[in-house]
Amino acid sequence: MDQALFTANNVWMLVATVLVFIMHLGFSALEAGFVQKKNVVNILFKNAMIIAIGLLTYFICGFNLMYPGMNEGGFFGFAGFGIAMPADNLAAYAEGNFGIYADGGYTYWTDFIFQAMFAATAATIVSGAVAERIKLESFLLFSAIFVAISYPITGMWKWGAGWLDAAGFYDFAGSTLVHAVGGSAALAAVILLGARKGKYQSNGSIKPIPGHSMPLAAIGVFLLWFGWYGFNGGSVLSADPVGVSLVFVTTSLAAAAGAVTSFIASYALFKSHDLSMVLNGVLGGLVGITAGADLMTPLAAVLIGGVAGVIIPFSVVFFDRIKIDDPVGATSVHLVCGIWGTLAVGIFGSKAGLGQLWIQLYGTLAVCAFSFIFAFALMYILKVTIGIRVSEEEELKGLDVAEHDMNAYSESVEQSAYQLSVK
Amino acid sequence: MDQALFTANNVWMLVATVLVFIMHLGFSALEAGFVQKKNVVNILFKNAMIIAIGLLTYFICGFNLMYPGMNEGGFFGFAGFGIAMPADNLAAYAEGNFGIYADGGYTYWTDFIFQAMFAATAATIVSGAVAERIKLESFLLFSAIFVAISYPITGMWKWGAGWLDAAGFYDFAGSTLVHAVGGSAALAAVILLGARKGKYQSNGSIKPIPGHSMPLAAIGVFLLWFGWYGFNGGSVLSADPVGVSLVFVTTSLAAAAGAVTSFIASYALFKSHDLSMVLNGVLGGLVGITAGADLMTPLAAVLIGGVAGVIIPFSVVFFDRIKIDDPVGATSVHLVCGIWGTLAVGIFGSKAGLGQLWIQLYGTLAVCAFSFIFAFALMYILKVTIGIRVSEEEELKGLDVAEHDMNAYSESVEQSAYQLSVK
Amino acid sequence: MDQALFTANNVWMLVATVLVFIMHLGFSALEAGFVQKKNVVNILFKNAMIIAIGLLTYFICGFNLMYPGMNEGGFFGFAGFGIAMPADNLAAYAEGNFGIYADGGYTYWTDFIFQAMFAATAATIVSGAVAERIKLESFLLFSAIFVAISYPITGMWKWGAGWLDAAGFYDFAGSTLVHAVGGSAALAAVILLGARKGKYQSNGSIKPIPGHSMPLAAIGVFLLWFGWYGFNGGSVLSADPVGVSLVFVTTSLAAAAGAVTSFIASYALFKSHDLSMVLNGVLGGLVGITAGADLMTPLAAVLIGGVAGVIIPFSVVFFDRIKIDDPVGATSVHLVCGIWGTLAVGIFGSKAGLGQLWIQLYGTLAVCAFSFIFAFALMYILKVTIGIRVSEEEELKGLDVAEHDMNAYSESVEQSAYQLSVK
């Protein structure tokens, strides 16, 4: 491994890290756009704290829990608190031995920060689903513990060379290990939390609660798509030109196909051009391609994204029918399309086959089950101790005033009087 | 070509691809900001669909139509549907022969995805100009066909080694081939579509229809500038350090000069500090430098951008005088400054000269004429078949409710009552 | 220095440049979000002009004033107007001598554009603090002169191999040279300008003037954090893998720690979950780590960012008590945390020590004093000549209407009547 190639690889991994970082703004904007005006500060606050908590907990224990693998001793492979560059690493670099760590793909520090950004996204997925009625402290505690413990354990099963890896399970960039994990936790949380007041009415009708800003939601989706080039492209774990560029092609085409088929399917279902369905169709396509972005032909990517786009409106309707109230559609996007994408590895591309399909199925179910149970238990403990839901009065007022003493949008001081005079 | 250099080149081209991608969010935000509140969902929907349709059509036929060049047989050089890495390519890479494709600048997959992002921008330019009154389906059909057929044909004339290339025409990153092409199509579409109701009144006065959100418009322009580093910087087609960094300098200075001169010129014209003029001045400077970003000294870049900035307010006034109703100023920015930038290659920089100026002139006119006629014919066919304009009632209501059954912004359920009580 | 390594280095520096560029959108959005609705166009206008003016003045004289150093002759080391690649540079590259400029880290053009983006941020810091009452022309003149002369002079003291560099002062990426410089200028400007009308009332009470859009402010902070990876990561001045990736880790952890401690400290102070404090806590952590991002362990980064996060709410309260009216908290974030970060280099990390702490202290005070005095004198001259403050009537109306004849947000034409009918 020569120095220049090592440097080019590491540059790409750092760029990918930056792109994954901005997905946190993407989630923030998407979720803020899809909630009501009275809960916007709350969702922004949660998202700003999640990236912070996610990075810190991953620093404290998550990274060492996830990556040493099950065989390197210690409790479940836990390698101790904090992070520090392995002692032999710097010396090796100094001697020009650039391949010592991660086959010359990147440094130890790059490894940590790329994976830390990834980890934090899993918790962020939950925040949209539980929006508009969860208690802030309970949510932050939940996120911190989930990212510190549950996400790294299931991550280790595959990416830490654990039992699923040994069994041949494949998940390139995390359709299961990130998205379905986050989606499972979201589902568990929503079940315990219950629907927003007034959403499902006693006469059986479902009251639409429109998001307060479509431009914010659209900004969010475009930024998520943007960041996904780092999420999937960085999962190549080097700047390998053919590898990364193929992943760019499959990721792009899956997202595009998701938009188009979601447009068509939702038009067929609702006879309307539904922007939120198209936006979630893009995300569904992206989640769907994530497990096999490196294995697919361009055409297979179009098919995988296209199926995900069709899934979206049906899944959203399904969850509403069973009274799972998810304001942003996170379970449909991340859990359902995450499972779909994981299965698709057994159907399309270079690993397709019945045996692989079977292993993909039980792998994703095992991971989802663990995540769901962990999240359910954790949320249940919070529910019976400090409580997880704001009071009815606070929910009606909105969490911005109830928990934050502020509004997301303010008129100018003296504005009202002036506005009248200019008109 | 050694592996490390090939890898570094390809990393840059992928980063450039990501930057061009985010220009689609830039266009979305800019156009959404400049339209009325009642048409915001519609413009976001169109922009989300255009990038999806653009990528898919470029995958289906655009890439193969544009790049094999006129000499490689088939109808107008068309090389067949779909994309696939050339058979000898992977083998060559495996043997360490990294220079086989694109002189080692990037892989086949990178080539496709970078060019696909480019192609989609041409259609996006149209969407702003026709905003607030075009039928959604007609627009999407128009975009798909324009990107699939017209854009690649004129693109091939120069970048596919066609007749304009042979004639010595120069257009580094597409002042003509992307921007004036999009601008010509926009002009054709606006002529057939007509002005928004009430814009040009019977007594000759022009009613201002202000955009609904200046922050959105500003976000759009900053993101477009941001993405332009990939648009121009990626057009070097490798990471050549001197080449790409010079392009960064000229691109930056032209944008900056466009802002300053547009500020001064619009102040002189309107006696006001007009934010929309400054924003369009930035874009005018960027479009202007695009044809010769690799040929100019920093000072020449300042002059080219500066002239573009002066053009903007005059051009906007001119189009309003002749009743071409373009809500976002797309024709001024992309068509007029695109032509200016193309001509500037004959005036400034290392190719300057009367002969070159002449060839730049007829090259840009030929491309604009083809694009205008193609767009006009296509839009005319749509007009006499499925129709291109919404009904007067729908226009008054706004396209968000008329075509999408939703509003861009919603108050919270129960918000109104609560708001009154806290004040 | 081989070509591939040079290319990889230069790619990273260009990516860093693009990231620093987008910080200007970050500042725009943050400041726009924190001002009143009636002053939004004004703040966007100022920020769009600052980046333009900053780039142009840096091209005209700033770059040459800052970088040749004090020893290379000319007035204060000034090397003449304009920029041009050194004559021997291209020839050396052509011969394959890639190490000739900047030790092979990047080209001359990259050097200019990266530093130009940096320079423009210093002026942007001021714009938030003086928002809502400064005259547009006075501010633009102030910015242009400050970026053209004052910023490069203090920058030269350290980065241009001047006297502070010789004395052993350390400031990796500009806690002092960019942030405290901008913060000092902001403080000087606010003192001369006075508080917004009605902010500090005669009975001693302080009237809160809430920002008009928390989503905009949050977008701004996320984009600033995003861009900071280029700001700090690019300050390595090459793509050195261990160096840049360590900087990514320390920068990330400091920002995260700033968010968490600011959350806790502001909750302790105000008994509320204050979003603006968390957002400023992120920025405080980022400013704090900037001086020593390359010297710290991950744990030291957490501590430095954590202290900065605690500083934020106390500093904001302090400045309000002494009637320094800073609508966005720029003095707390950039001046106070900038000084803290500079001192932290003497407390933590590989340069820690009493001697170093002392030199850090007098270095930062010298730079702050120069910047404050320069800014104060310049603003004073503007005050007694063309005036720096809008009239009371204009302030009440808002600068958008008073200086720009437009509103940041507009209802649709005919919207009002229609809105009533659909409800």
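The following legends describe close-up views of a predicted model with chains A, B and C. Local features are reported at pLDDT of at least 70 and side-chain atom pairs only at pLDDT 80 or more, whereas totals for chains, interfaces and linings use all residues. Residues are numbered from 1 along each chain as its sequence is written, and chains are lettered from A, and ligands numbered from 1, in the order in which they are written.

**View 1. Helix H11 of chain A and its bend at A:Ile312.** Helix H11 of chain A comprises 24 residues, 298–321; helices are DSSP runs (H or I, at least four residues), numbered from the N terminus. Its first and last C-alpha atoms are 35 Å apart, close to the expected 34 Å, the expected span being 1.5 Å times one less than the number of residues. At A:Ile312 the helix bends by about 30°, and the proline A:Pro313 follows within four residues. The bend is the angle between axes fitted to the seven residues ending at a position and the seven starting there. Of the 24 residues of H11(A), 17 are buried; a residue is buried if 20 or more other C-beta atoms lie within 10 Å of its own, with C-beta atoms placed from the backbone. Just after H11(A), A:Lys323 adopts a positive phi of about 60°.

**View 2. C:Gly309 within helix H11 of chain C.** C:Gly309 is buried, with 33 other C-beta atoms within 10 Å. Not counting residues up to four places away in sequence, C:Gly309 touches ten residues of chain C that include C:Ala257, C:Gly258, C:Ala259, C:Gly281, C:Gly284 and C:Gly285; contact requires C-beta atoms, placed from the backbone, within 7 Å. The C-alpha atoms of C:Gly309 and C:Ala254 are 9.1 Å apart, although 55 residues separate the two along the chain.

**View 3. Surroundings of C:Ala48 and B:Ala48.** C:Ala48 belongs to helix H2 (residues 40–66) of chain C and is buried, with 24 other C-beta atoms within 10 Å. Beyond its neighbours within four places in sequence, C:Ala48 contacts B:Ala218, B:Ala259, B:Val278, B:Leu279 and B:Val282. With the same neighbours set aside, B:Ala48 contacts A:Ala218, A:Ala259, A:Val278, A:Leu279 and A:Val282. C:Ala48 and C:Thr124 lie 76 residues apart along the chain, and 9.7 Å separates their C-alpha atoms. Both C:Ala48 and B:Ala48 are among the residues with the most contacts inside the largest nonpolar core, which has 505 residues. Such a core is a set of buried Ala, Val, Leu, Ile, Met, Phe, Trp, Tyr and Cys residues joined through C-beta atoms within 7 Å.

**View 4. The contact between chains A and B.** Chain A contributes 52 residues and chain B 55 residues. On the side of chain A that touches chain B, the elements giving two or more residues include helix H1 (3–34), helix H8 (214–233) and helix H10 (275–290), while H9(A) gives the most, with 14 residues. This side divides into 37 nonpolar, 11 polar and four charged residues.

**View 5. Relation between chains C and A.** A rotation of 120° with 0.0 Å of shift along its axis places chain C on chain A with an RMSD of 0.0 Å. The two copies are therefore related as by a three-fold rotation axis. Their surfaces in contact differ, since 8% of the contact residues of chain C recur in chain A. Superposition is by least squares on the C-alpha atoms of residues with pLDDT of at least 70 in both copies.

Technical notes:
Buried ≥ 20, exposed ≤ 12 C-beta atoms within 10 Å, placed from the backbone. Contact = placed C-beta atoms within 7 Å. Nonpolar A, V, L, I, M, F, W, Y, C, P; charged D, E, K, R; others polar.
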